[in-house]
Amino acid sequence: MIDAERRLLASALLDPSNQRFVLLSDSYIPLFNFTTIYDYLITSNLSFLSLYDDPRKVDRGRYNPQMSPMINITNWRKGSQWFEMHREMALHVVSDQTYYSVFKRYCQPPCYNDEHYIPTLVNMFYVELNSNRSITWVDWSRGGLHPRKHGPADINHELLNQMRYGSECIYNGNTTSMCFLFARKFSPSTLKPLLSLLHFHS
């Protein structure tokens, strides 16, 4: 997965006009129109990656002590494989060989590169370039290893408003209720009810 992500970034970086890089899955939906999303990202000072330090088995339990001294347990972080980053950070990710090699050698199941490599790399060297928050709304209220997957019966104005403006975060130094630009997970059957609500006026 990391090989694929780095190749995608490297290919996109060949075009100097590409300044922001977003990796999404097929279960994502946009919460705003293209112009609103573009403006939010292009005027941001930071990238948007959530980094977690979780002492449980699903995070620190995946750390391989053989990674030391290059990567210590205190450096170790977990995050989503879906990300948004600006050009400077993308250049750092694709140019890294040292830590990529350590992960490739020592991060084997139950360690998953796509959940740990970029978060750990960013935590070690590029914290000042990162907002340490995601721009993707996800419902983890049911617990478990995977977020809730929404179907057609879940789609309504209340959910849409909650995803769009139901949170509070910092954007370019100011507090805002517009924290999420995308949401997941949504099944293909939600397309029709979503299109009836997502008029993208804002």
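Arg 56 is exposed, with a relative accessible area of 54%, in this predicted model. The cut-off for an exposed residue is over 50%, so the value of 54% places Arg 56 in that class. Arg 56 forms a salt bridge with Asp 54, and the closest N and O atoms of the two are 2.8 Å apart. Asp 54, by contrast, is buried, its relative accessible area being 17%. The bridge therefore pairs an exposed arginine with a buried aspartate. Elsewhere, Asp 53, Arg 60 and Arg 77 are joined into one network by salt bridges that share partners.

A search of the whole structure finds eight salt bridges. One of them is formed by Lys 104 and Asp 3, with the closest N and O atoms 4.0 Å apart. This pair links distant parts of the chain, since Lys 104 belongs to helix α4 and Asp 3 to helix α1, 101 residues apart. Lys 104 counts as partly exposed at 48% relative accessibility, and Asp 3 also counts as partly exposed, at 28%.

Arg 20 and Glu 84 form a further salt bridge, in which the closest N and O atoms are 2.7 Å apart. Arg 20 lies in strand β1 and Glu 84 in strand β3, so the pair ties together parts that are 64 residues apart in sequence. Both Arg 20 and Glu 84 are buried.

Helix α1, which contains Asp 3, can be examined through its length and its two sides. The helix comprises 12 residues, 2–13, and at 1.5 Å a residue these should span 16 Å. The C-alpha atoms at its ends are 16 Å apart, which agrees with that expectation. Within α1, the buried residues are Ile 2, Glu 5, Arg 6, Leu 9 and Leu 13. These residues cover an arc of only 95 degrees around the axis, which puts them on the same side of α1. Arg 7 and Leu 8 are exposed on the other side of the helix. The cover over the buried residues of α1 includes strands β1 (20–22) and β3 (84–86), together with helices α3 (87–95), α4 (98–106) and α5 (113–125). Among these elements, β1 and β3 are the strands that hold Arg 20 and Glu 84, and α4 is the helix that holds Lys 104.

Covalent links complete the picture. The structure holds two disulfides, and with the bonded cysteines numbered in sequence order, the pairing is 1-2, 3-4. Cys 107 and Cys 111 form one disulfide, with their sulfur atoms 1.9 Å apart. The torsion about this S-S bond is about -90 degrees, so the disulfide of Cys 107 and Cys 111 is left-handed. Cys 107 is buried, with a relative accessible area of 2%, and Cys 111 is likewise buried, at 3%.

The other disulfide joins Cys 169 to Cys 179, at an S to S distance of 2.2 Å. Its torsion about the S-S bond is about -110 degrees, so the disulfide of Cys 169 and Cys 179 is left-handed. Cys 169 lies in strand β5 (residues 169–171), whereas Cys 179 lies in the loop between β6 (174–176) and β7 (182–184), so the pair ties together parts that are 10 residues apart in sequence. Cys 169 and Cys 179 are both buried.

Key:
Residues are numbered from 1 along each chain as its sequence is written. This is a predicted model: local features need pLDDT of at least 70, side-chain atom pairs count only at pLDDT 80 or more; totals for chains, interfaces and linings use all residues. Side-chain values use heavy atoms; hydrogens and water are left out. A disulfide is a pair of cysteine sulfur atoms within 2.5 Å. Buried means under 20% relative accessible area, exposed over 50%, partly exposed in between (1.4 Å probe, protein chains only). Helices (H or I, at least four residues) and strands (E, at least two) are DSSP runs, numbered from the N terminus. The expected span of a helix is 1.5 Å times one less than its number of residues. The arc is that of the directions from the helix axis to the C-beta atoms. Contact means heavy atoms within 4.5 Å. A salt bridge is a side-chain nitrogen of Lys or Arg within 4 Å of a carboxyl oxygen of Asp or Glu.
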